[in-house]
Each structure stands twice: as structure tokens, then as C-alpha cells.
Amino acid sequence: MTVYHGVGILFALGMIGFFCIYLESKKFEVNEYVFLTHKLLTKKYTFVVLSDLHNVEFGKGNERLLKAIHKVHPDAILFAGDMVEAKKGASFQPTIHFIGELAKKYPIYYGMGNHEHKLRDCPKKYGTMYSAFTKAIGKFGVHIMENEEIKIGNTGIKVYGLDLEHMYYRRLIEKKVPEGYLEKKLGKADQKSYNILLAHHPDPFPIYAKWSPDLVLSGHIHGGIVRIPGFRGVLSPQLKLFPKYDRGLFKEGNATMILSKGIGTHTLPVRIFNRAEMIVITLKKKR
């Protein structure tokens, strides 16, 4: 075998490996959580949580993702941010179509991520992309949660959406969210309600917990992009190695955080030992 043959074989194996990784990024898993609470005013309430879609599609018109959601028959859909990607000239039509299909059957509560924040606050770069997107999904009755709260009927549940400024997402420069930040943005949490906080960035979880939510729903980390089996995620979007909060369930005082691995990818469509995730959460009344 010549050197050229060897290089050719290695190149072919590398391409096959990359293709396998790409195909794996087009699959997703469904993970379920159940919580008991005396605050619930109905027997149970189920919602699907998605984060970090980044305009990705799972099948034509996101048919595979829609099928998985319809199978659950949730009472509502919660987005934990970054459902689109802040990319100049990008078309959001796939995500608009997906949200429109969901809105035909379920109420949708849309929490802000850093990509939505950039689209809105950088009009010189992105023009009217944010207003066009929110206007389109607003026609479907989507609740866009920009530092807002909403009571879900007579369920005893309140959803709060935290819009965290871009300075808290910067790479390599870590800026801490100060105490009292959530009270300033959202007011005090209603302790009689079961409070769900949509907060895209998981790192300030200890600060979120002091605000006294029952449940925090986050994303942003993409599971660490690459996961070491049996250990943890390798890298955060802030280029932090082995982030403390990478995926799954975390506790801080009386608060619980469910951190999604995200359902999509952006820039590089890579997930290694880190399948995309759709989350199903069921609240049940504690007797």
C-alpha cells in the first residue's frame, strides 16, 4: 500500500465518521419528568419543552418532531429560547411553519434566548428580522415572554419569561447576574402559584433559585456539544470546559432546574454522544 492509498483510506474513513455524526444530529430523544405539587389546582398538567431549535428541521416541515409532540398530547408547549438563529439574511419560515402547526392544537409560551435578544437589540445588523418573526408567530396566538408573566387558566401555574441581556452570554468574559436582578425584571414570585421560570442561560441558577421559582427551564449549553459517556459535557457556548450545568436535573434550595440539551444545532451541526432532546414534564397534584 502506498502513502497515497493510506491517506485516501484515512480521508474516506474520516468522511464516513463525519457523515455518521451528521446523521446522529438529525435524531432526537424524548426524556420525561414528573413532579408532585400541592399548588396545582387540577389533577395533572403536561407540557413539552423545547430549546435551541435554531431553525433546524426534523423531516419535511418538522414532521418527525410534530409527530412526537402529538403523541404526548400535551396541555401546552414551552420554548426555553433560541428557536431561531441570529444570522443575517436567514429565513425563519421553517420555524414559523412549525410553530403555526403547534399553535393549532396547543397554547405556546415562548421564552427569550440570546439569539432572539440579538435579533431584537441589533437592528443595524439584522434589520426587521425580529419584528417580522414575532409578528408572524404572534398571529398564531403565541405568548412571547419578554420579562413577562402569565397565568395559565385555573391550573395554579404561572409562567415567567426572563429576557437576559447579551452581556451575560459573552464568550470568555463571565459577568455574574447580580442578586435582586429577577425582582427588578419580573417582580416578586407569586408563592401561591406553581411558578415556572423560562430562563435560557443556566449558569445563574443559584440567583434564579433565590427568587423562589418552583421550576426553572433552561437550554443554551447544547449538552456540552460533545459528551464524555458517564461523565459530562465538554464545552459551553461561552467556551467554558466541562460546564457545571450541562444537562438534566439540578436542585438549589427549593428550586429545580431542568436543563435541555437542545433540539437543534447551529454553525457546526455536531453532536457527539449527545443526542438532541425533547422534554416532557408532567405536574401532578400532591394529595
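# A tour of sheets, salt bridges and pockets

Select strand 6 (148–152) and strand 7 (residues 157–161): the two run antiparallel and are joined by 5 bridges. Strands here are DSSP runs of E with at least two residues, and helices are runs of H or I with at least four, both numbered from the N terminus. Two strands count as paired if DSSP finds at least two bridges between them.

This is a predicted model, in which local features need pLDDT of at least 70 and side-chain atom pairs count only at pLDDT 80 or more, while totals for chains, interfaces and linings use all residues. Residues are numbered from 1 along each chain as its sequence is written, and side-chain values use heavy atoms, with hydrogens and water left out.

**The sheet with strand 6**

Within the first pair, pick isoleucine 150; its bridge partner in strand 7 is valine 159. Now show the whole sheet: it is open, has 6 strands in the order 6-7-8-9-11-10, and its pairing is mixed. Strand 6 and strand 10 (248–252) are the edge strands, each pairing on one side only. On average, neighbouring strands are turned by 20 degrees against each other, direction ignored; the axes are lines fitted to C-alpha atoms, for helices over the stretch in contact, and angles run from 0 to 180 degrees between N-to-C directions.

Stay at this end of the sheet and select glutamate 149 and lysine 158, whose side chains form a salt bridge (3.2 Å, N to O). The term requires a side-chain nitrogen of Lys or Arg within 4 Å of a carboxyl oxygen of Asp or Glu. Glutamate 149 counts as partly exposed, because its relative accessibility is 39%; lysine 158, at 15%, counts as buried. The classes are buried under 20% relative accessible area, exposed over 50% and partly exposed in between (1.4 Å probe, protein chains only).

**The other sheet**

Next, show the open sheet of 6 strands in the order 1-12-2-3-4-5, also with mixed pairing. Strand 1 and strand 5 (143–145) stand at its edges; each has a single partner strand, so one side of each lacks a neighbour in the sheet. Inside the sheet, strand 2 and strand 3 (residues 76–79) are parallel and share 4 bridges. Here leucine 50 stands opposite phenylalanine 79 of strand 3.

**More salt bridges**

Which side chain meets that of lysine 39 in a salt bridge? Select aspartate 214, at 3.2 Å, N to O. Lysine 39 lies in the loop between strand 1 (28–37) and strand 2 (44–50), and aspartate 214 in the loop between helix 8 (205–210) and strand 9 (215–218), 175 residues apart. Both residues are buried.

For a contrast, go to glutamate 174 and lysine 176, which meet in a salt bridge at 3.1 Å, N to O. Glutamate 174 is exposed at 51% relative accessibility, and lysine 176 is exposed at 62%. Arg120, Asp121, Glu146 and Asp163 are joined into one network by salt bridges that share partners. The count of salt bridges comes to 14.

**Pockets**

Finish with the largest pocket, of about 600 Å³. Select Arg171, Ile225, Pro237, His266 and Thr267, the closest to its centre of the 26 lining residues. A pocket is an open set of points on a 1 Å grid over the protein atoms alone, where a 1.4 Å probe fits, with protein on both sides within 12 Å along at least five of seven lines; lining residues have an atom within 4 Å of a point. Grid points are joined across faces, edges and corners, and the volume is the space filled by probe spheres set on them.
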